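Q: Please take a close look at one helix and what lies around it. I would like a plain, connected account that starts from the helix and works outwards.

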Amino acid sequence: MALKITVIGTGYLGATHAAAMAELGFEVLGLDVVPEKIEMLRRGEVPMYEPGLEELLRKHVAGIEGSTGRLRFTMDWAEVGEFGDVHFVCVNTPQRHGEYACDMSYVDAAFASLAPHLRNAALVVGKSTVPVGSADRLAAYLAEHAPAGEDAELAWNPEFLREGFAVQDTLHPDRIVVGVRSERAEKLLREVYTTPIADGSPFVVTDFPTAELVKTSANSFLATKISFINAMAEVCEAADGDVAKLAEAIGYDDRIGKKFLRAGIGFGGGCLPKDIRAFMARAGELGADQALTFLREIDSINMRQRGQMVELARQALGGGPFLGKRVAVLGATFKPDSDDVRDSPALNVAGQIHLQGGQVTVYDPKGMDNARRLFPTLGYADSAIEAVRGADVVLHLTEWREFRELDPAALGEVAADRVILDGRNALDPALWRKAGWSYRAMGRPTA
Ligand code: UDX
């Protein structure tokens, strides 16, 4: 009989995972503790912008015309415990308020709610990004609190999906990593993932701590690549070099690779910044803090980029205070193809200039509602051209395709001054300069 799957937590990761599991042919039951979320999902609506996710949900959510009916949602833990052979725990692990460490309260609450309902043999699979050692602790918790005892087993299966590519990354992962303690757990997870769609991805079997560490070290490596190229941008800036050419040239070396070498205002979002901080905090607890002191520098290079963008804008406006200056900001989300503004470098730069007296007008293709909620005092416009109207300087801070396709001549007609600062090194300098703009990007020559 086919395995029955539950997905606990229907945020970014959980909603995508639940839809993907239904797409793979499983009967899936998703649980969340927020009633509004469950109601939305039951209607086939997604609480965030993610390309392709709503279509995939609607294809499977029970009750939607023409759907397979394989995907249902509930708030009832007993129903989840009764239903599932495999339970994926996908709740979030944010940064603890005012600290570097990770907040495990949602994970702990999920295990506390689920365990008493595990009466039958089941595999609980943690997908959340957690401090190393958590799986050991949670396995002991299950053994103690699940009525099924040892038959309710734990596995750890980190998730590597990127926002904006969540569906694609889930259905076609570049690797599957499972931390297991028994052959049975490995066999069950192979059964889940060895399907016509996910087949062919490398399947790496590890112990618990390694599985947990794979995720945090992968994110640390990515953060390091970005901060490395941003450090090179600072040097290029000082030496009149061109960091975009430098990145291209070093990227031809296969050992280095081209990806994640785009200099600019740095990384943000709900993962990389908090994951490297939580990793440092955990290493400290383990007595291995020296091994990760470099991550402190990675974090500070990253945060410095935001300040440097503010300084570039100040210089572009003549070097004085921002008071009375009109600044157009293109982009609010932490990356394109997402409406996520968590720890967004773009909004941080916009906010800093606003706090220093600048008159900031922001436009973003998908992130306006979230940006307004987070920064209600900033100015907002309904289009790029409206944001740019009357601006003394334009800041390009999130590299949406829409911005790359803008007509610099048309924007030049409405701007007070034709000065654009490209905080993502993603626009074509020649195109903008041809239309009479002064184009400036971090780590690149001025003309
Ligand atoms: C990341 C990891 O990539 C993913 O594997 C993990 O599961 C979750 O964290 P995500 O947060 O969606 O995914 O974003 P990602 O594409 O990694 O970008 C992170 C940030 O780095 C963005 O703010 C992006 O603008 C920035 N970035 C990326 C750069 O500044 N330069 C680059 O070259 C690449």
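**Helix H11 and its surroundings**

A: The buried residues of helix H11 pack against two other helices, H9 and H12. Everything described here comes from a predicted model. H11 runs over residues 272-285, 14 residues in total. From its first C-alpha to its last it reaches 20 Å, close to the 20 Å expected at 1.5 Å a residue.

The buried residues of H11 are Leu272, Pro273, Lys274, Asp275, Ile276, Ala278, Phe279, Met280 and Arg282. A general point helps in reading such a list: an α-helix has 3.6 residues a turn, so residues three or four places apart point the same way. Just after H11 comes Gly287, with a positive phi of about 80°.

Before H11 there is a loop that joins it to helix H10 (243-251), and Phe260 is found in this loop. Gly268 lies in the loop between H10 and H11 as well. Is Phe260 buried, exposed or partly exposed? Phe260 counts as partly exposed because it has 16 C-beta neighbours inside 10 Å. Gly268 has 23 such neighbours inside 10 Å and therefore counts as buried. The cut-off for buried is 20 or more.

The contacts of these two loop residues can be listed, leaving aside neighbours within four places in sequence. Phe260 is in contact with Leu222, Lys225 and Ile226. Gly268 touches Pro273, Phe334, Asp343, Ser344 and Pro345. Pro273 is one of the buried residues of H11, and Pro345 is one of the buried residues of helix H13.

Both loop residues also appear in a database record. An unreviewed UniProt entry carries the annotation "binding site" for a set of residues that includes Phe260, Leu261, Arg262, Ala263, Gly264 and Gly268, along with Phe160, Leu161, Arg162, Glu163, Lys215 and Lys335. The annotated residues span 176 residues in sequence, and their farthest two C-alpha atoms are 24.4 Å apart, so they do not all gather at one spot.

The model also has a ligand, with 20 residues around it. Which of them come nearest? They are Glu163, Arg262, Phe267, Gly269 and Cys271. Glu163 and Arg262 are among the residues that the UniProt record annotates as "binding site". By class, the shell around the ligand divides into ten nonpolar, five polar and five charged residues. Helix H9 (residues 208-239), one of the helices that H11 packs against, gives the most to this shell, with three residues.

The place of the ligand can be read from the domains. The protein is divided into domain 1 (4-206) and domain 2 (207-447). Their C-alpha centres lie 32 Å apart. The contact between them takes 25 residues from domain 1 and 26 residues from domain 2. On the side of domain 1 that touches domain 2, helix H6 (134-145) and strand E7 (176-179) each supply at least two residues. That side of domain 1 has 16 nonpolar, seven polar and two charged residues. Both domains give residues to the shell around the ligand, so the ligand lies between them.

H9 ends before another loop, the one between H9 and H10, where Asp240 lies. Phi of Asp240 is near 65°, a positive value in a residue other than glycine. Most residues other than glycine have a negative phi. Asp240 counts as exposed because it has 9 C-beta neighbours inside 10 Å.

Further along the chain is helix H13 (residues 345-355), in which nine of the eleven residues are buried. What covers the buried residues of H13 includes helix H12 (293-316), strand E9 (326-330), strand E10 (359-363), helix H14 (368-374) and strand E12 (393-396). H12 therefore has a part in two places, since the buried residues of H11 pack against it and it helps to cover the buried residues of H13. H13 is followed by Gly357, whose phi is positive, near 100°.

The loop between E9 and H13 holds Asp337. Like Asp240, Asp337 is not a glycine, yet it has a positive phi, of about 60°. Asp337 counts as buried because it has 20 C-beta neighbours inside 10 Å.

How values were computed:
Residues numbered from 1 in each chain as written. Predicted model: local features only at pLDDT ≥ 70, side-chain atom pairs only at ≥ 80, totals over all residues. Near = placed C-beta within 6 Å. Nonpolar A, V, L, I, M, F, W, Y, C, P; charged D, E, K, R; others polar. Domains from an automatic or database assignment. Buried ≥ 20, exposed ≤ 12 C-beta atoms within 10 Å, placed from the backbone. Contact = placed C-beta atoms within 7 Å. Expected span 1.5 Å × (residues − 1). UniProt positions renumbered as here; feature names shortened; annotations may be inferred.
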